[in-house]
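Me: Got a predicted model here and I'd like to poke at some of its labels. Can you walk me through them?

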Amino acid sequence: MDDSQVTSAPSLHGCLTAAIDVLQRTMDILDPARVEAAVAAVTTALGSNKALLVCGNGGSASDAQHITGELVGRFLKERRGLKAICLSSNAAVLTAWSNDYSYDSVFARQTEAYGEPGGVLLGISTSGNSRNVIAAFEVAKRLGMTTIAMTGEGGGKLAGMSDILLDVPSRSTPLIQQVHICLYHYLCEQVEARLA
């Protein structure tokens with residue numbers, strides 16, 4: 001590789017400026033009514049002891065664990081544990097099903113096991129095109145669950161499958177994930193405040 005092919009990493013200032021920019025664009029574009037609809041759906045489900053299932057891959061799998069950790073444990077208030085299940089965290093299920101069948105259906109299988117009418121499936125995919133998240137949405141729809149997608153700009157294939165789309169106006173995976181954290185922290189705070 002010659003020097004002309006080497007690109008320097010952005011400065012800290014550039015990195016933070018890009019994050020501020022996508023946060024500002026999200027504030028300008030994302031309809032607060034959609035976020036409120038997501039909060040209301042999750043609050044209603046958890047308040048009725050129906051499951052909130054959360055899934056994603058890679059960094060979004062970590063986000064799924066983060067969300068369920070905040071809701072099963074606590075975010076800011078002392079309260080009862082909430083029925084939030086991360087579909088990305090059970091290594092035995094993930095590896096057994098993926099080895100014997102397909103990774104594309106590993107979240108769908110768990111949605112079949114844990115999902116129920118009145119529950120919610122929250123799928124996180126920066127592209128909106130993760131095959132295993134899409135398959136889980138198909139099962140959730142059949143079960144009568146509300147589907148919420150957290151994605152990047154436009155929502156990809158999940159846009160047409162979700163009852164509530166929370167799409168970040170960016171195509172940069174790290175920037176999308178940074179805004180997802182802000183959105184789901186707000187979601188957890190609001191759900192907790194309403195159920196505490």
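Me: What makes cysteine 188 count as buried or exposed?
Reply: Its relative accessible area. Cysteine 188 comes out at 0%, and buried means under 20%, so cysteine 188 is buried.

Me: And how do you know whether cysteine 55 is buried or exposed?
Reply: Same kind of check: cysteine 55 has 0% relative accessibility, so it counts as buried.

Me: Why is cysteine 55 not bonded to cysteine 86?
Reply: A disulfide needs sulfur atoms within 2.5 Å. The closest cysteine sulfur to that of cysteine 55 is in cysteine 86, 8.3 Å off, so that's too far for a bond. Cysteine 188 is in no disulfide either, with the sulfur of cysteine 86 as its nearest, 12 Å away. Searching the whole structure turns up 0 disulfides.

Me: Which residues have the most contacts inside the largest nonpolar core?
Reply: Leu52 and Leu71, in a core of 35 residues. Helix H7 (residues 173-195) gives the largest share, 8 residues. Leucine 52 touches Leu71 itself, and its other contacts include Val42, Ile85 and Val120. Another core, of 19 residues, lies apart from that one, with Cys55, Trp97, Phe107 and Met145 among them.

Me: What makes the lining of the largest cavity nonpolar, polar or charged?
Reply: Just go by class: 7 nonpolar residues, no polar and no charged ones. They are Val35, Ala38, Met150, Leu166, Leu183, Tyr184 and Leu187. H7 brings the largest share, 3 residues, and the space inside is about 40 Å³.

Me: How many cavities pass the 30 Å³ mark?
Reply: The structure holds 1 of 30 Å³ or more.

Conventions: Residues are numbered from 1 along each chain as its sequence is written. This is a predicted model: local features need pLDDT of at least 70, side-chain atom pairs count only at pLDDT 80 or more; totals for chains, interfaces and linings use all residues. Side-chain values use heavy atoms; hydrogens and water are left out. A nonpolar core is a set of buried Ala, Val, Leu, Ile, Met, Phe, Trp, Tyr and Cys residues joined through side-chain atoms within 4.5 Å. Buried means under 20% relative accessible area, exposed over 50%, partly exposed in between (1.4 Å probe, protein chains only). Helices (H or I, at least four residues) and strands (E, at least two) are DSSP runs, numbered from the N terminus. Contact means heavy atoms within 4.5 Å. On a 1 Å grid over the protein atoms alone, a cavity is a set of points where a 1.4 Å probe fits but cannot get out, and a pocket is an open set with protein on both sides within 12 Å along at least five of seven lines; lining residues have an atom within 4 Å of a point. Grid points are joined across faces, edges and corners, and a volume is the space filled by probe spheres set on the points. Ala, Val, Leu, Ile, Met, Phe, Trp, Tyr, Cys and Pro count as nonpolar, Asp, Glu, Lys and Arg as charged, and the others, Gly among them, as polar. Lists of a residue's contacts leave out its neighbours within four places in sequence.
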